Amino acid sequence: MKAAQKNWQVRPERPEDAPLVEALTAASFGPGRYAKSAYRLREGVAPVAELGFVAIENGTLRGSVRFWPVGVGAEKSLLLGPLAVQSDQRGRGIGIDLMKTGIDAARAAGWASIILVGDEPYYTRVGFARLPPGRLVFPGPVDPARVLGLSLVPGATLTLSGQVRRAHIDEAVCADGAGVA
Ligand SMILES: CC(C)(COP(=O)(O)OP(=O)(O)OC[C@H]1O[C@@H](n2cnc3c(N)ncnc32)[C@H](O)[C@@H]1OP(=O)(O)O)[C@@H](O)C(=O)NCCC(=O)NCCS
């Protein structure tokens, strides 16, 4: 039984974990990741520090998850990912464990919703559902069938609509007094 042995621990990511987390992400997604819409939303923006988690087993990093703040229309949301598990450790439940921990922490921190671009059959396991095609506009092409959302506050994803933007750019615009279009 592959999931019988749960010897890993999920704990918050620490600053010293960052090089390993980044190496795992690079190995899992390859250089093509930079061209993806989700990466454009992360460019130059820090992940939400308290929502980074790592799975550690026998002192070894097995997996990691991070979340980025984004703007969606007039609202704030979280972008889930990257989520990555060491290639020889997949299928043990580590990815689901990391996501559940991150989702619970996001809810506890008061975030209303999480969005992502990914495989629906996997992410439905932690409650994500496909959003209506065209409701969210990403900075680049995305397959509408892969645009998923999760409400942390009941109904939150029902009102999410519009352009998905990098969070810090919105803040800079607000600070200049120019407002958000
Ligand atoms: C996707 C990923 C994080 C899953 O991690 P994991 O620890 O293997 O996942 P879990 O063990 O928690 O879940 C495994 C289950 O999900 C299923 N699953 C995994 N990836 C899936 C996918 N893309 N679509 C549908 N089901 C998937 C597995 O078949 C398995 O099902 P089972 O329990 O019925 O056997 C891992 O495969 C990975 O790092 N992939 C490369 C990076 C990536 O694609 N990340 C996701 C995009 S952000």
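**Exercise 1. Strand pairing around S3**

Determine which residue of S3 stands opposite Val54, and establish which strands are joined to S3 by bridges.

*Solution.*
Step 1. In this predicted model, Val54 stands opposite Ser64 of S3.

Step 2. Strand S2, residues 53-57, is antiparallel to S3, and five bridges join the two. They form a hairpin with two residues between them, and Asn58 in that turn has a positive phi of about 50°.

Step 3. S3 also runs antiparallel to S4, with nine bridges between them. Here Pro69 is positioned opposite Leu78 in S4. S3 and S4 likewise form a hairpin with two residues between them, where Gly73 in the turn takes a positive phi of about 55°.

Step 4. A further antiparallel pairing joins S3 to strand S9, residues 162-166, through three bridges. Within S9, Val164 is the bridge partner of Val72.

Step 5. The strands joined to S3 by bridges thus include S2, S4 and S9.

**Exercise 2. Burial of S3**

Explain why strand S3 is described as largely enclosed by the rest of the structure.

*Solution.*
Step 1. A residue counts as buried when its relative accessible area is under 20%.

Step 2. S3 spans residues 60-72, and twelve of its 13 residues are buried; the strand is therefore largely enclosed by the rest of the structure.

Step 3. For the whole chain of 181 residues, 45% count as buried.

**Exercise 3. The environment of Arg166**

Classify Arg166 as buried, partly exposed or exposed, and identify which residues it contacts beyond its sequence neighbours.

*Solution.*
Step 1. Arg166 belongs to strand S9.

Step 2. Partly exposed covers the range between under 20% (buried) and over 50% (exposed). Arg166 has a relative accessibility of 27%, so it counts as partly exposed.

Step 3. When neighbours within four places in sequence are set aside, Arg166 is in contact with Arg40, Leu41, Glu43, Gly44 and Val45.

Step 4. The C-alpha atoms of Arg166 and Val70 lie 5.2 Å apart, although 96 residues separate the two in sequence. Across the chain, 68% of the contacts between residues at least 6 apart in sequence join residues at least 24 apart.

**Exercise 4. Geometry and burial of H3**

Compare the span of helix H3 with its expected value, and state which of its residues are buried.

*Solution.*
Step 1. H3 contains 15 residues, and its first and last C-alpha atoms are 21 Å apart, close to the 21 Å expected at 1.5 Å a residue.

Step 2. The buried residues in H3 are Ile94, Gly95, Ile96, Asp97, Leu98, Met99, Gly102, Ile103 and Ala106.

Step 3. After H3 comes Gly110, with a positive phi near 95°.

**Exercise 5. The largest pocket**

Characterise the largest pocket by volume, by the elements that supply its lining and by residue class.

*Solution.*
Step 1. The largest pocket holds about 720 Å³ of space. It is lined by 33 residues, of which Phe29, Leu83, Val117, Gly118 and Tyr123 are the closest to its centre.

Step 2. At least two lining residues come from each of H1 (18-29), H2 (37-42), S4 (75-85), H3 (94-108), S5 (113-117) and H4 (120-123). S4 gives the most, with seven residues.

Step 3. The lining comprises 17 nonpolar, eight polar and eight charged residues.

**Exercise 6. Overall order of elements**

State how many helices and strands the chain contains and give their pattern along the sequence.

*Solution.*
Step 1. The chain has five helices and nine strands.

Step 2. Read along the sequence, these follow the pattern β-α-α-β-β-β-α-β-α-β-β-β-β-α.

Definitions and conventions
Residues numbered from 1 in each chain as written. Predicted model: local features only at pLDDT ≥ 70, side-chain atom pairs only at ≥ 80, totals over all residues. Heavy atoms only, no water. 1 Å grid on protein atoms, 1.4 Å probe; cavity = no way out; pocket = protein on both sides within 12 Å on 5 of 7 lines; lining within 4 Å. Points joined across faces, edges and corners; volume = space filled by probe spheres on them. Helix = DSSP H or I, 4+ residues; strand = E, 2+ residues; numbered from the N terminus. Nonpolar A, V, L, I, M, F, W, Y, C, P; charged D, E, K, R; others polar. Buried < 20%, exposed > 50% of the residue type's maximum accessible area, 1.4 Å probe, protein only. Pairing = 2+ DSSP bridges. Expected span 1.5 Å × (residues − 1). Contact = heavy atoms within 4.5 Å.
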